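The following note is intended for a colleague who is meeting this structure for the first time. Its points are numbered so that each may be checked against the model in turn.

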Amino acid sequence: MTVLALETSCDETAIAILRGRELLASEVASQVAEHKKYGGVVPEVASRNHLVHAPRLLERATRDAKIDIASVDAFAATSGPGLASSLMIGASIAKGLAIGFGKPYLAINHLEGHLLSPFFLSEKSPHPNLLPGGEKRPPLPQGEGVSVRPNLSLIVSGGHTMTVLVRALGDYQIIGRTVDDAAGEAFDKVAKMLGLGYPGGPEIEKHARGGDPKRFDLPRSMLDSGNFSFSGLKTAVRYLLPKIGVIPNPATRDEGSRNRSADYLGPERDQKPSGRSFAPAQDDSAIRDDTVVADLCASFQQAIVDVLVRKTIAAAQKQDVDLVTVSGGVSCNQELRRQLSEACKREGLKFESAEPSLCTDNAAMIAFAAMLKLENGFASKVTEEIDPNLVLR
Ligand code: KG4
Ligand code: ZN
């Protein structure tokens, strides 16, 4: 069975083709450059760019996969959560293809794509069979290598931070979520304050290498709750900067507590997602002392990792599962992966994470979720609407 999936929930246009468990193609076009001059994602610019990128990626994906699009058995797209005008593009293309070729359509929840990604080939191989550089691993026979085992899933990205009890495919219960910023958003905002580039997570991780994670005492919020909060940590960094001789990037001064987390439960929750917030990397005059910046990045990263690890382990123990999984862009972070894996080992829990290329937004995870659903007899109606606030259940 072959599935073609599109992911256009925010500012990445992505298309993947999956045959059984073999990833034939996975294309991602980032729009960071297009949005940079606006200091954040502009929804209309994002949707116009999806329209430009998608046909090109579609052609490239079918060429790489060496398949005729008429041989695809089902078409899938992310139907939410995300930016309405972006979601519409991917969903409309997938629906059009499904109708045109008389094949099923599958509407996939972006969060379900993330939380299933650690199971992508995990039983047979720790890696998907498309390696960086395009080299392929031998394909697995269809249907082998995957069963979604009960687990406590940590989804940690730029728009979401949540723990989810996964009982089975399609049976999910949210245990905790952020009440303000998502963890990735905190990484991005602190990187911006420091004048580092976007996305901020990889920049902070890079600068944290060799830094002292104990040098600055930064807050770990809401430790007694299952929910998360990262806004106080971001503010603590902001107030610390002048005291340690680092001049904050002027582009961040008026940002206040504006947040973009889709999990946010406060009064702004019903407003349209504000999209990614980022600034062009500032010149390095914003940064005075490399050691101070390294120590600050390491201390900040450790504060986030501490909270994520502690709450995830506590939730797994409370829900009585023996497996912890992690997914989403922030799970590319090596310190998070290492410390969460070690904590699981200490507590007698198994641990699975997705291949880094499946952690940041991509269409392979959407194709994989769609494949599992298809194999379980599930398909969506082509009349199914996109939902910018789609919840996981
Ligand atoms: O999953 P993703 O691509 O998009 C959303 O659904 O939001 O996640 C993007 C987020 C960004 O905030 C980025 O800074 C963060 O993931 N990220 C990282 C790392 N790589 C990406 N955060 C920390 N460490 C990393 N290595
Ligand atoms: Zn995502």
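In which loop is P81 found?

1. P81 is found in the loop that lies between β4 (74-80) and α3 (84-101). The peptide bond that joins G80 to P81 is cis, and its omega is about -10 degrees. The reader should bear in mind that this is a predicted model, and that every value quoted here is computed from it.

2. A further cis peptide bond runs from Y198 to P199, with omega near -5 degrees. The location of P199 is the loop between α5 and α6. Both of these helices recur in the account of ligand 1, where α5 spans 183-193 and α6 spans 200-208.

3. Backbone geometry also deserves attention at K66, which is not a glycine and yet has a positive phi of about 55 degrees. K66 is placed in the loop between α2 (43-65) and β4.

4. Strands β7 (residues 161-168) and β8 (residues 171-177) run antiparallel and are joined by six bridges. Within this pairing, V164 stands opposite I174 in β8. The two strands form a hairpin with two residues between them, and in that hairpin G170 takes a positive phi near 80 degrees.

5. Ligand 1 is surrounded by 22 residues, of which G158, D188, G201, E205 and D361 come nearest. By residue class, the shell around ligand 1 divides into six nonpolar, 11 polar and five charged residues.

6. Oxygen atoms of ligand 1 take part in several polar contacts. One such oxygen is 2.7 Å from an N or O atom in the side chain of D188. The side chain of S157 has an N or O atom 3.5 Å from an oxygen of ligand 1. At G329 the contact is with the backbone, where an N or O atom lies 3.0 Å from an oxygen atom of the ligand. Taken alone, ligand 1 exposes 550 Å², and the protein buries 94% of that area.

7. Which elements give two or more residues to the shell around ligand 1? They are α4 (110-116), α5 (183-193) and α6 (200-208). Of the elements, α6 gives the most, with four residues.

8. The zinc ion (ligand 2) is coordinated at 2.1 Å by NE2 of H110, NE2 of H114 and an OD atom of D361. In sequence these donor residues follow the spacing H-x3-H-x246-D. H114 in helix α4 and D361 in the loop between α10 (356-359) and α11 (364-375) are 247 residues apart, and the pair links distant parts of the chain. D361 is also among the residues that come nearest to ligand 1.

9. Why is the arrangement around the zinc ion (ligand 2) irregular? It is irregular because the four donor atoms subtend angles of 95 to 139 degrees, whereas a tetrahedral assignment would need all angles to lie between 85 and 135 degrees. For comparison, the ideal angle for four tetrahedral donors at a metal is 109.5 degrees.

Key
Residues numbered from 1 in each chain as written. Chains lettered and ligands numbered in written order. Predicted model: local features only at pLDDT ≥ 70, side-chain atom pairs only at ≥ 80, totals over all residues. Heavy atoms only, no water. Near = heavy atom within 4 Å. Polar contact = N/O pair within 3.5 Å; in protein donor to acceptor, adjacent residues only side chain to side chain. Areas by Shrake-Rupley, 256 points an atom, 1.4 Å probe, with all protein chains shown as cover. Nonpolar A, V, L, I, M, F, W, Y, C, P; charged D, E, K, R; others polar. Pairing = 2+ DSSP bridges. Donors = N, O, S within 2.8 Å, 3.2 Å for Na, K, Ca; no water. Tetrahedral: all angles 85-135°; square planar, octahedral: opposite > 155°, others 65-115°.
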